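Welcome! Please take a look at the model below before reading on.

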Amino acid sequence: MKKMKTLLAAVLAGALSLSLAACSGPKAAETTTQPTGQPTQEVFQGENVRLAVLSGPTGIGAAKLLSGSDNGDTVNHYTYTVASDNNEVVAGLTAAEGEYDIAMVASNVAANLYNKTEGDVKILALGTQGVLHILEGSNGTAIQSMKDLKGKTIYATGQGANPEYILRHLLTENGLEPDKDVEIVFADATEISAKLISGEIETAMLPVPAATAAIAQSKGSVRDAIDLTTAWNDLDNGSQLIMSAVVARADFLAEHPQAVDAFLEEYEASVTYVKENPEEAGQLVADLGIAPSAAIAQKAIPQCNLVFLSGEDMKPAISGYYEVLYSIDPTAVGGKLPDDDIYYVP
């Protein structure tokens with residue numbers, strides 16, 4: 001196994017020391033036998049899996065899995081961390097001893113991890129599709145399409161990540177030159193929301209559930225002007241807007257295939273539950289700290305475009321998006337397009 005790079009590992013060393021002491025790694029699988037008179041059959045009893053999820057839309061689909069693990073209702077037991085940003089997750093995945101086995105990250109981060117670790121991190125599944133929205137404040141109604149953003153100043157989250165690349169690509173494809181026809185100012189979602197609601201700024205790009213919360217708290221002064229997933233689909237360029245991915249360390253995939261299979265089944269079931277039960281799932285999401293409140297989570301879930309794609313279904317869904325990112329900025333995907341080995345296909 002190639003030696004993992006330790007980029008950013010120091011960031012988490014102190015914060016994770018107590019949780020890692022309690023769980024140093026996956027335990028060996030336990031099996032039982034079926035006393036049926038039939039040939040002995042091993043039944044997989046699960047393993048301890050160290051899991052990291054991002055707060056916000058990337059982690060929403062995992063809410064049922066995490067609560068189920070807390071209640072002892074899953075095959076695997078998940079020792080999990082709800083992280084606030086991709087850097088925190090990357091640090092745990094790439095630490096020398098590996099502090100996470102499986103993690104949910106932005107889709108461009110998944111490609112970066114694969115390329116920069118020379119294949120030591122692979123994609124297990126794909127999650128959310130587009131979750132970005134252009135919001136118009138001050139009771140405005142002028143923005144109806146991407147072309148209407150000409151001359152505007154857009155306050156946006158996600159500098160150097162999926163949101164920035166998506167915004168710049170959509171502006172360019174609609175005949176606008178970023179930083180000339182449109183000014184982009186990057187800030188965090190909390191600051192943007194506050195300024196949008198107060199009327200200090202008029203145009204913003206936010207993901208759900210931050211966009212959902214801003215609209216709800218504005219009492220009608222902020223509206224959803226453009227769904228960027230719709231704008232992307234209107235380009236009809238053959239790519240899907242896949243914004244999140246589930247990744248795992250390659251050594252964990254090789255050494256614990258039954259635990260991986262169990263995770264995929266449990267994660268798919270979790271995504272399905274969240275989509276079909278937004279009210280109940282909204283409470284779980286809030287209790288886990290993935291979204292700020294149950295009411296906001298409940299409203300945001302239908303806008304999260306949650307999907308579950310694994311195995312052979314992954315490449316056709318996301319390869320076109322990676323090609324678009326590479327054409328915008330090769331560093332967005334780690335300097336080169338990932339090869340087919342990035343996808344875990346058992």
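What follows is a short tour of a sheet and the helices around it.

This is a predicted model, in which local features need pLDDT of at least 70 and side-chain atom pairs count only at pLDDT 80 or more, while totals for chains, interfaces and linings use all residues. Residues are numbered from 1 along each chain as its sequence is written, and side-chain values use heavy atoms, leaving out hydrogens and water.

Let's begin with the sheet. Five strands make an open, mixed sheet in the order 9-8-10-7-11; strands are DSSP runs of E with at least two residues, helices are runs of H or I with at least four, and both are numbered from the N terminus. Two strands pair if DSSP finds at least two bridges between them. Strand 9 and strand 11 are the edges, each pairing on one side only. Strand 8 runs parallel to strand 9, joined by four bridges, and alanine 156 has phenylalanine 186 in strand 9 as its bridge partner.

Two helices touch this sheet, where contact means heavy atoms within 4.5 Å. Angles run from 0 to 180 degrees between N-to-C directions, with axes fitted to C-alpha atoms, for helices over the stretch in contact.

| Helix | Strands met | Angle |
|---|---|---|
| Helix 6 | strands 7, 8, 9 and 10 | about 170° with strand 9 |
| Helix 8 | strands 7, 10 and 11 | about 130° to strand 10 |

Helix 8 also has helix 7 beside it: their axes come within 10 Å and cross at roughly 25°. The two are therefore roughly parallel (angles under 35 degrees). Ala189, Ser193 and Ile197 of helix 7 meet Ala210, Ala214 and Gln217 of helix 8.

Technical notes. Angles under 35 degrees count as roughly parallel, over 145 as roughly antiparallel, 65 to 115 as roughly perpendicular and the rest as oblique.
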